[in-house]
Amino acid sequence: MNIDGIKRGIVLDHIQAGRSMEIYHDLHLDELDCSVALIRNVKSDAMGKKDIIKIDDDIQVDLDVLGYLDPGITVNIIEDGRVVEKKHLALPEKLVNVVHCRNPRCITTAEPALDQVFRLTDAKRGVYRCMYCDAECRR
């Protein structure tokens, strides 16, 4: 299989195998007017298998969403066909409007205009808590 390189854009690498479609939808990549390549189940020495997403345009990617969905992703910024910057992600300390509180008594249910704010309380288990009601949310 031959997937061409890109001259200017973003490559999301080291995605857990099988997760690329979820990331594609959560980042709304289907709304872009550029080429987007999803490469699934690529052999990887470190991971066994991995997915890769290549975006043939310089767009703004929400790193908090990516870090929440898959903290092992590497974001490669490409210019003139070369990697000019690599960003290694981790679970973000704070999430704003990425997940929604499921507690029906939370103030965000009565006041939907409020931002949904969660803080990371247990990085090992991927546990976040609502800033308003302390309800737990897991990755």
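I began with C137, which is buried, with a relative accessible area of 12%. I then looked for a sulfur partner for C137 and noted that this residue is in no disulfide, the nearest cysteine sulfur being that of C101 at 8.4 Å. I keep in mind throughout that I am reading a predicted model.

**Entry: cysteines**

How many disulfides does the structure hold? I find zero. I looked next at C106, where the nearest cysteine sulfur belongs to C130 and is 3.7 Å away, yet C106 is in no disulfide. Because a disulfide is counted here as a pair of cysteine sulfur atoms within 2.5 Å, I record the C106 and C130 sulfurs, at 3.7 Å, as unpaired with each other. I also note that C106 counts as buried, its relative accessibility being 2%.

**Entry: Q116**

I turned to Q116, which I located in the loop that runs between α3 (107-110) and β7 (117-122). Is Q116 buried or exposed? At 8% relative accessibility I enter Q116 as buried. What does the side chain of Q116 reach at 2.8 Å? I trace this side chain to the backbone nitrogen of C101, and I find a polar contact, at 3.4 Å, between the side chains of Q116 and T108. Leaving aside residues up to four places away in sequence, I list the residues touched by Q116 as L95, V96, N97, V99, H100, C101 and T108. C101 thus enters my notes twice, as a residue that Q116 touches and as the owner of the cysteine sulfur nearest to that of C137.

**Entry: the fold as a whole**

I stepped back to the secondary structure and counted three helices and nine strands in the protein. Reading from the N terminus on, I wrote down the order of elements as β-α-β-β-α-β-β-β-α-β-β-β. Along the principal axes, I note that the C-alpha atoms fill a box of roughly 50 × 35 × 25 Å. For contacts between residues at least 6 apart in sequence, I find that 53% join residues at least 24 apart.

**Entry: burial, surface and charge**

I looked up burial across the protein and found that 37% of its 139 residues are buried; C106, C137 and Q116 are among them. I record an exposed area of about 8,700 Å², of which carbon and sulfur atoms supply 44%. For charge, I counted 20 positive and 24 negative side chains, and I note that the centres of these two sets lie 8 Å apart.

Technical notes
Residues are numbered from 1 along each chain as its sequence is written. This is a predicted model: local features need pLDDT of at least 70, side-chain atom pairs count only at pLDDT 80 or more; totals for chains, interfaces and linings use all residues. Side-chain values use heavy atoms; hydrogens and water are left out. Helices (H or I, at least four residues) and strands (E, at least two) are DSSP runs, numbered from the N terminus. Buried means under 20% relative accessible area, exposed over 50%, partly exposed in between (1.4 Å probe, protein chains only). Contact means heavy atoms within 4.5 Å. Accessible areas come from the Shrake-Rupley method with a 1.4 Å probe; for residues, only the protein chains shown count as cover. Lys and Arg count as positive and Asp and Glu as negative; His and the chain ends are not counted. The place of a charge is taken as NZ of Lys, CZ of Arg, CG of Asp or CD of Glu. A polar contact is a pair of N or O atoms within 3.5 Å; within protein, one must be able to donate a hydrogen and the other to accept it, and residues adjacent in sequence count only if both atoms are side-chain atoms.
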